[in-house]
Amino acid sequence: MIRMITLLLLACPAAVAAQQLHKCVDARGHASYQSAPCEANQQQAWVRDATPEPVQPPQATVPYRANRSPRAARVPARGSAAASLPIASSACEAARQRRESTLKTVGLKRDFALLRRLDDAVWNACK
């Protein structure tokens, strides 16, 4: 029984999708547009296919990343001479940790100004 109902429900959208539009003109010359065929006292001017266009799925978006700096993504290899030189990477990591701890402390009571200030501090430290 449930399978029969499911099949009927699946078949309904296909039947609804194929529709026609009728232009009917009455004896006084008034035109009406309807989905049903014209009545006996009306003259049919034309019939057109009115099948709706398929709905396009939304396009995927690229997620926002607060830090888009290519320099911040490069981390020097351990033991290399460059690993001991940049103090900016430790400042960058400290700014990220401050942002995370502040967000944990504030919880869901954060606002745009706070998020902007924290992201700007990370951006400036990591560039």
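Two strands are taken as paired if DSSP finds at least two bridges between them, and I kept to that criterion while going through this predicted model.

**Entry 1: the strands.** I looked up the pairing of strand β1, residues 20-25, and found that β1 runs antiparallel to strand β3, residues 43-49, with six bridges between the two. To fix the register I picked out Leu-21, whose bridge partner in β3 is Arg-48. I then turned to strand β2, residues 31-34, which is joined to β1 by four bridges, again in the antiparallel sense. For the register of this second pairing I noted that Cys-24 stands opposite Ser-32 in β2.

**Entry 2: the hairpin turn.** Between β1 and β2 I find five residues, and within this hairpin Gly-29 adopts a positive phi near 95°.

**Entry 3: how many disulfides?** I asked how many disulfides a search of the whole structure finds, and the search returns two. Counting the bonded cysteines along the chain, I write their pattern as 1-2, 3-4.

**Entry 4: Cys-24 and Cys-38.** I had already met Cys-24 opposite Ser-32 in β2, and here I record that a disulfide joins Cys-24 to Cys-38, with an S to S distance of 1.8 Å. The link is left-handed, with -90° about the S-S bond. Because Cys-24 belongs to strand β1 while Cys-38 sits in the loop between β2 and β3, the pair ties together parts that are 14 residues apart in sequence. Are these two cysteines buried or exposed? With the cut-off for buried set at under 20% relative accessible area, Cys-24 counts as buried because its relative accessibility is 0%, and Cys-38 also counts as buried, at 18%.

**Entry 5: Cys-92 and Cys-126.** The other pair I checked is Cys-92 and Cys-126, which form a disulfide with their sulfur atoms 1.7 Å apart. For this link I note a right-handed form, with 85° about the S-S bond. Cys-92 lies in helix α4, residues 88-106, and Cys-126 in helix α5, residues 112-126, so this disulfide ties together parts that are 34 residues apart in sequence. I looked up the burial of both ends as well: Cys-92 is buried, with a relative accessible area of 5%, and Cys-126 is buried too, with a relative accessible area of 5%.

**Entry 6: for my own summary.** I keep two pictures from this session: β1 paired with β3 and with β2, with Cys-24 of that strand linked to a loop cysteine, and helices α4 and α5 tied together through Cys-92 and Cys-126.

Notes. Residues are numbered from 1 along each chain as its sequence is written. This is a predicted model: local features need pLDDT of at least 70, side-chain atom pairs count only at pLDDT 80 or more; totals for chains, interfaces and linings use all residues. Side-chain values use heavy atoms; hydrogens and water are left out. A disulfide is a pair of cysteine sulfur atoms within 2.5 Å. Buried means under 20% relative accessible area, exposed over 50%, partly exposed in between (1.4 Å probe, protein chains only).
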